[in-house]
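Colleague: Please take me slowly through one part of this model, the exposed loop positions with unusual backbone angles, and then work outwards to the elements around them. I would rather have one connected account than a list.

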Amino acid sequence: MAHPGISLDHQVLHDGFVVEIHEKIEQLLQDAAAIEQLRLLWQQAPVMVFRRQSIEEHEQVQFSQQFGTCEVISRKDILSPYQDEVIYFSTLRYADGRGVGGFAGGDDVAWHSDQTFMRQPATGAMLYGVEVPKGGGDIYWANQYGAWDSLPADIQALIEGRTGTYRYAKRMAIMNPLELKKDTAQAKAMLSLPDATHPLVLTHPITGRKALYADPTTLVAIDGLSDADNERVLPLLFEAGSRPELVYRHKVRNGDLVMWDNGCTMHRRDEMRLDQPRLMKRTTFRLSPQAYCAPH
């Protein structure tokens, strides 16, 4: 199945919010017209899958920059030694015993949307699997356009136009990242981040579609509601965001590259084996609120 008006070789997956692109990224980078078609397609389908890729880090950065400005995070311990825009998720170690990147634990990762605890989140993300364990580690994406559509009309009316308070300490308690459980300057800095405020409903500026923006790992309150109403409404939002019919499950293989828009999706990961090597490379990039479903 192809998307109308798009000539790229692709297949629409899971109710149209995921597409698999049957093209090589190296070739796409040489074709400005193809990149423009990808931008148009991504506005309709916020998760794009590219299988069997073989790219260098500078090519991943260059590809990311076709969609937004790459971020360089403050955590130097998980950065690539070659590209400041790339971070590593890995179970590997350097010769001196240091971990190659971070997030090496095998525990599952709860539903979330990236950087919601930040006041100005970067919502574009790209993950490239160089070496992927065969056991576990499947990644799931949930369609937050569908989450909004599934809410009862009275809940939609109650939350539309409201903002929420998002807090990093809640995520740390839920997701328990071992790197930040230690009494380090990095952990203290993350826990001291000020609360962020974002709209609970984001509207795509091109398509006009509305997406729920209610990260269960960071959202602590809906501004302007009583404690009783928060206790009633927040679980409804969190349940809507991860309904099974809205979820695409991806079995990650070596060479897979997946990019997604955090403004209208959430994601999580299964528990994975630690007796097999893992190296995944990620870029995060800032999407324009004039072209994407970005909080601002």
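Modeller: A residue is called buried when its relative accessible area is under 20%, exposed when that area is over 50%, and partly exposed in between, using a 1.4 Å probe and the protein chains only. At 58% relative accessibility, Arg52 therefore counts as exposed. This is a predicted model, in which local features need a pLDDT of at least 70 and side-chain atom pairs count only at pLDDT 80 or more, while totals for chains, interfaces and linings use all residues. Residues are numbered from 1 along each chain as its sequence is written, and side-chain values use heavy atoms, with hydrogens and water left out.

Helices (H or I, at least four residues) and strands (E, at least two) are DSSP runs numbered from the N terminus. In these terms, Arg52 sits in the loop between strand E3 (47-50) and helix H3. Most residues other than glycine have a negative phi. Arg52, by contrast, has a positive phi, near 55°. Asp15 is another non-glycine residue with a positive phi, in this case near 60°, and it belongs to the loop between strand E1 (10-13) and strand E2 (18-21). With a relative accessibility of 74%, Asp15 also counts as exposed.

Following the chain onwards from Arg52 brings us to H3 (residues 57-64), which is largely enclosed by the rest of the structure, because six of its eight residues are buried. Those buried residues are Glu57, Glu59, Gln60, Val61, Phe63 and Ser64. In helix H6 (residues 168-175), the buried residues are Tyr168, Arg171 and Met172. Viewed down the axis of H6, these fall within an arc of 100°, so they line one face of the helix; the arc is that of the directions from the helix axis to the C-beta atoms.

A loop residue can be buried too, as Asp215 illustrates: it lies between strand E12 (210-212) and strand E13 (219-222), yet it counts as buried at 2% relative accessibility. Its C-alpha atom is separated by 8.1 Å from that of Tyr166, although the two residues are 49 apart along the chain.

Turning to the strands, two of them are said to pair if DSSP finds at least two bridges between them. Strand E7 (residues 124-131) is largely enclosed by the rest of the structure, because six of its eight residues are buried. E7 pairs in the antiparallel sense with strand E15 (residues 257-261) over five bridges, where Ala125 stands opposite Trp260. E7 also pairs with E17, again antiparallel, over seven bridges, and there Gly124 is opposite Phe285.

Another group of four strands forms an open, antiparallel sheet in the order E6-E16-E8-E14. Strands E6 (109-112) and E14 (247-250) stand at its edges with a single partner strand each, so one side of each is left without a neighbour in the sheet. Neighbouring strands here are turned by 15° against each other on average, direction ignored; the axes are lines fitted to C-alpha atoms, and angles run from 0 to 180 degrees between N-to-C directions. E6 is joined to strand E16 (residues 265-269) by two bridges, and His112 stands opposite His267 in E16.

Strand E17 (residues 279-286) returns when we look for enclosed space, since it gives the most to the lining of the largest cavity, with three residues. A cavity is a set of points on a 1 Å grid over the protein atoms alone where a 1.4 Å probe fits but cannot get out, and lining residues have an atom within 4 Å of a point. The whole structure has three cavities of 30 Å³ or more, and the largest holds about 50 Å³, where a volume is the space filled by probe spheres set on the points. Its lining includes Glu71, Val72, Arg282, Thr283 and Thr284.

Finally, the cysteines: a disulfide requires a pair of cysteine sulfur atoms within 2.5 Å, and by this rule there are zero disulfides. The sulfur of Cys70 is 18 Å from its closest cysteine sulfur, in Cys264, which is too far for a bond. Cys264 is likewise in no disulfide, its nearest cysteine sulfur being that of Cys293, 4.9 Å away. Cys70 is buried with a relative accessible area of 13%, and Cys264 is buried at 1%.

Methods. 1 Å grid on protein atoms, 1.4 Å probe; cavity = no way out; pocket = protein on both sides within 12 Å on 5 of 7 lines; lining within 4 Å.
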